[in-house]
Amino acid sequence: MTRKVGKRKAPAKAVGKSKAKAGKAAKDPNKPKRPPSAFFVFLEEFRKTFKKENPNVKAVSAVGKAGGEKWKSLSAAEKAPYEAKAAKRKTDYEKLMTAYNKKQESAVEEDEESEKSKSEVDEESGQDGGDDEEDDEDDDDEDDE
């Protein structure tokens, strides 16, 4: 086997990725965060005990790996309390989301109503954009005479 020695070709850049990020809608800071799964509920508690037992280990990956191994070794009965907590958090999240969605819908409706009312007010007062220019031309003709 012979390998060519020299410059390597640069990997082709993905063209569509930069446009996809730019087109994303901005995240709403008021939107409720998704609830953690049963594993992450377990990991919250496991992290505390792991840090007490292993104060020298600073790597986040080590905590995650140890937590994953421990979670796999747990029986269904041992996982049940974490799954119950996760289910409770999920129901709370769903309530928050329904309230959030209602608030979003009402805000959209208010925006539509305010835009509609502006156009209705303009129509009632009889304001049109083109009338002003004609009036100015008539005034100029009078000055010339």
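What follows walks through the fold, one helix pair and the salt bridges of a predicted model.

Start with the big picture. The protein has five helices and zero strands, so a read along the sequence gives nothing but the pattern α-α-α-α-α. Of its 145 residues, 13% count as buried. Contacts in the protein lean on sequence-distant partners: among those between residues at least 6 apart in sequence, 78% join residues at least 24 apart.

Next comes the pairing of helix 2 with helix 3. Helix 2 covers residues 38-53 and helix 3 covers residues 60-73, and their axes come within 10 Å. The two axes cross at roughly 120°, which makes helix 2 oblique to helix 3. An angle counts as roughly perpendicular from 65 to 115 degrees and as roughly antiparallel over 145, so a crossing of roughly 120° falls into the oblique class. As for handedness, the crossing of helix 2 and helix 3 is right-handed. On the helix 2 side, the contact is made by A38, F39, F42, L43, F46, R47 and F50. Across from them, helix 3 brings in A62, V63, A66, G67, G68, K70 and W71. Sorted by character, the residues of this contact come out as ten nonpolar, two polar and two charged.

A38 also turns up in a second setting, this time with A84 of helix 4 (residues 76-125). The C-alpha atoms of A84 and A38 are 7.9 Å apart in space, while the two residues are 46 apart in sequence. A84 has a relative accessibility of 46%, so it counts as partly exposed.

Now for the charges. Side chains of opposite charge can pair when their charged atoms come close. With a cut-off of 4 Å between the side-chain nitrogen and the carboxyl oxygen, the count comes to three salt bridges.

One of the three joins R89 to E44, with the closest N and O atoms 3.3 Å apart. R89 sits in helix 4 and E44 in helix 2, so this pair ties together parts that are 45 residues apart in sequence. Both ends are partly exposed: R89 has a relative accessibility of 33%, and E44 has a relative accessible area of 34%.

Helix 2 and helix 4 are linked again by E45 and K85, whose side chains meet in a salt bridge at 2.8 Å, N to O. This pair also connects distant parts of the chain, with E45 in helix 2 and K85 in helix 4, 40 residues apart. E45 counts as partly exposed at 33% relative accessibility, and K85 is partly exposed too, with a relative accessible area of 40%.

The salt bridge of K88 with D92 is a local affair. Here the closest N and O atoms are 3.4 Å apart. K88 and D92 are four residues apart in helix 4, so about one helical turn separates them. The two ends fall into separate exposure classes: K88 is exposed, with a relative accessible area of 54%, whereas D92 is partly exposed at 32%.

Put together, helix 2 meets helix 3 through residues such as F39 and F42, and helix 2 is also joined to helix 4 by the E44 and R89 pair and by the E45 and K85 pair.

Notes: Residues numbered from 1 in each chain as written. Predicted model: local features only at pLDDT ≥ 70, side-chain atom pairs only at ≥ 80, totals over all residues. Heavy atoms only, no water. Axes fitted to C-alpha atoms, helices over the stretch in contact; angles between N-to-C directions. Helix = DSSP H or I, 4+ residues; strand = E, 2+ residues; numbered from the N terminus. Parallel < 35°, antiparallel > 145°, perpendicular 65-115°, else oblique. Left-handed = near helix turned anticlockwise from the far one by under 90°. Contact = heavy atoms within 4.5 Å. Nonpolar A, V, L, I, M, F, W, Y, C, P; charged D, E, K, R; others polar. Buried < 20%, exposed > 50% of the residue type's maximum accessible area, 1.4 Å probe, protein only.
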